[in-house]
Amino acid sequence: MNRRINKVAILGSGIMGSRIACHFANIGLEVLLLDIAPNKLTEKEQKLGFQLDHPAVKNRIVNEALQSTLKSNPSAIYSKNFAKRITIGNFDDDLAKIKNFDWIMEVIIENLEIKKSLFEKIEKHRTPGTIISSNTSGIPIHLMTEGRSEDFQKHFLGTHFFNPPRYLQLLEIIPTPHTNPDIVDFLLDYGDRFLGKTTVLCKDTPAFIANRIGVYSIMALFHQVKEFGLTVEEIDKLTGSILGRPKSATFRTADVVGIDTLVKVAKGVEQNCPTDEAHQTFQLTSYLSKMVEQNKLGSKTGEGFYKKVKGKDGKSEILSLNLETLEYQSQKKVKFATFDIARNEDDLAKRFKILYKAKDTSGEFYRKSFSKLFAYISHRIPEITDAVYKIDDAVKAGFGWQLGPFESWDAIGIEKALEVMKENGDEAASWISEMVSGGNTSFFTIENGKKFFYDVPSKSYLEIPGQESSLSLEVLKQNNVVWKNAGTTITDLGDGILNLEFHNKMNTIGTEVIQGINKAIDLAEKEYQGLVVYNNGQNFSAGANVGLIFMMAAEQDYDELDMAIRMFQNTMMRIRYSSIPVVAAPHNLTLGGGTELCLHADKVVAHAETYMGLVEFGVGVIPGGGGTKEFALRLNDDHREGDVKLNALRNRFLTIGQAKVSTSGQEGFELGYLREGIDETIVSRKHQLAYAKECALDMAKKGYSKPVERTDIEVLGNEGLGIVYVGANSMYSGKYISEHDQLISEKLGYVLCGGDLSQPTKVSEQYLLDLERRAFLELCGKRKTLERLQSIIKTGKVLRN
């Protein structure tokens, strides 16, 4: 059956239901969101004379839930316009509509009997063959279909999204013994390609995979914290970004998720897994029990392991909980000597070795905590899954770890870790010793451009499924590196396409990256057919190297600064006017120079979670790498006239002047960073590189010709400048902006309008680049700009004055 999903019905509009509905709307589906009708009128409804059967009353619960979700920050939806794809209703009046929907998902209260009652009603209206699933996180999936028809049971399974579903990448698929395998395969693929998720097939065991391992890891630390004599903030420092994990680490993550939610999962495992060798770890510590009693549940109640307060001076301070007294106290500055060495190692696997071998308190902590984790995950096979890579995939996607548990074990070394585990009394499962005695020294290997995992049942290495439709730089770089320097690597993707990867801190664009871009184009023009710019970092690029700009500006070395900006501009223009197609594939933060690179590419294949922006205004300058020029060019290409063109100028001006950053790839179109009909977004990060390569190859096959540099850009001159100057002066007079911001605004407007021209005039790209560079240099000579640059270098924050 050639199954397609065009319409999805979400039954239950709570936090998860509404957010899942938004994510389906994000990918273009028609969504029906239903919930119960209220059984009591509000005071406002009574005053309006409404009865319980009034449509506004019957849909109040679902409407309020959806509106709350649409106002959430960060947003659950790519664009406010996408909310139109969601229709709301209630179970009494609208349940029959599900007969026309391709996938029905239940997301109601975690109560088996209530769920079964709803499924009975669903069966009366559901069209046979329609997929039906539950988003439960704790109830055994196989118990839900008791009493249902054979067709219902064959098309039913668990689909466990993690909250928030737009941002967390995990989707666990949990079939029952009756689920048709074709449905399982379909959803594993659909979740991957259409929803952009890491889909993991799970056994129907308590907490499935990610929560079973992730919550164990958190609970183990809750028990160990007093043994090490460490504070809440010290544990979070040890288990956060230094390990390639979210900054929220352990205790802050518990606050965000909700301590009551964490406790619920832990109790569920404790009650339902009596034979788990780490059964006691899921029991609550005394301080955790007291926190629940005192309603210290984290962010939802305003206090948990951390609490934000205002001091007498009005400044906010985040206090941490003393686990002995359960009183809040000021956080102590956390410092571990080993971190100074470890931070200098960008390769996370190598950094793990440094941390694990450390002689200070941190090393002791890592050896003991990893010993327990490694022992635990070894015993979960074959209980929760038969494959080690599924545990890693689930934990990485669900908890944001860059290295999964088994990958972490590989990084440290299996045999080395086993020695430490033996010293600590932590026993690994028997299959581990069998694996090692068989001469196997890692859980994962890379051979012939493919990644393999150690398969416990067959005692051999098997290829990880799904690699045929995606590309992995991690794998390709084993044998396909063509050239590299300190900041970039050029890799052969095959079929005549090269990839340029940035890999410095925040992937900022400095001398090494500029060199890498030019080298990649040189190589591609001589021996290849196209170039993709993509990387595996946390961010695509945070922009130009601010420290380098500050140093040259502070030393008033304007000739050197002029040459650096010229080189940046020339490199961006080379991307535009090379003889091979260049495709940019950004993701996450894509700021300043990163956005300028995208503006000059032949095509952009942006990940759905791409946050683009020309943010130089906040630094005290204007975009100087062709970004301002490009906005003037695109304003011309909009082909607008008269007042409409002036309004378009205003919008372009404000996008840069207010340093607007898109909250999604889709919003990149709305802000003018991406071009309709040329650029694209892709929901799946896993498939982004392969698709970008396909686009570059397609352009090359069609016969790519080097574009002709533009000399036909019509700028408004004084007609536009007058509006800019009046607006900037008005904002300054009203004390909305500083004197320096007024100056930057005037410089920005000057470039966008083509300078002091008496009438609309056609100019060249180079003319606009010269204006842009001159304005940039003049602003770099201002004291306020230097202060802002210095503020960013010291604090990472912009000083507005």
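Does S137 count as buried, partly exposed or exposed, and what is its relative accessibility? In this predicted model, the relative accessibility of S137 is 31%, so the residue counts as partly exposed, given that buried is reserved for values under 20% and exposed for values over 50%. S137 sits in the loop that runs between strand β5 (131-134) and helix α7 (150-154). Once residues up to four places away in sequence are set aside, S137 touches E110, H160, A207 and F208. For one of these partners, E110, the separation along the chain is 27 residues, while the C-alpha atoms of S137 and E110 lie 8.2 Å apart in space.

A contrasting case of accessibility is K693, a residue of helix α29 (residues 688-703). The relative accessible area of K693 is 10%, and K693 is therefore buried, since the limit for that class is under 20%. Leaving out neighbours within four places in sequence, the contacts of K693 are L471, L493, G494, D495, I497 and V532.

From single residues we can pass to the packing of helices. Two packed helices are described by the angle between their axes together with the distance between those axes. For helix α26 (residues 627-637) and helix α31 (residues 739-752), the axes come within 9 Å and cross at roughly 50 degrees, which makes α26 oblique to α31, because this class takes the angles left over once those under 35, over 145 and from 65 to 115 degrees have been assigned. The crossing of α26 with α31 is right-handed. On the α26 side the contact is made by T628, F631 and A632, which meet L748, V751 and L752 of α31; by residue type, the contact of α26 with α31 divides into 5 nonpolar, 1 polar and no charged.

Helix α27 (residues 642-657) offers a check on helix geometry, because its 16 residues, at 1.5 Å a residue, should span 22 Å, and the end C-alpha atoms are indeed 22 Å apart, in agreement with that expectation. The buried residues of α27 are K645, L646, A648, L649, R652, F653, L654, T655, I656 and G657. The elements that cover these buried residues include α26 and α31, along with β24 (713-715) and α30 (718-733). Both helices of the oblique pair described above are thus among the elements that cover the buried residues of α27. After α27 comes A659, where phi is positive, near 50 degrees.

Methods
Residues are numbered from 1 along each chain as its sequence is written. This is a predicted model: local features need pLDDT of at least 70, side-chain atom pairs count only at pLDDT 80 or more; totals for chains, interfaces and linings use all residues. Side-chain values use heavy atoms; hydrogens and water are left out. Helices (H or I, at least four residues) and strands (E, at least two) are DSSP runs, numbered from the N terminus. Buried means under 20% relative accessible area, exposed over 50%, partly exposed in between (1.4 Å probe, protein chains only). Contact means heavy atoms within 4.5 Å. Axes are lines fitted to C-alpha atoms, for helices over the stretch in contact, and angles run from 0 to 180 degrees between N-to-C directions. A crossing is left-handed if the near helix is turned anticlockwise from the far one by less than a right angle, and right-handed if clockwise. Ala, Val, Leu, Ile, Met, Phe, Trp, Tyr, Cys and Pro count as nonpolar, Asp, Glu, Lys and Arg as charged, and the others, Gly among them, as polar. The expected span of a helix is 1.5 Å times one less than its number of residues.
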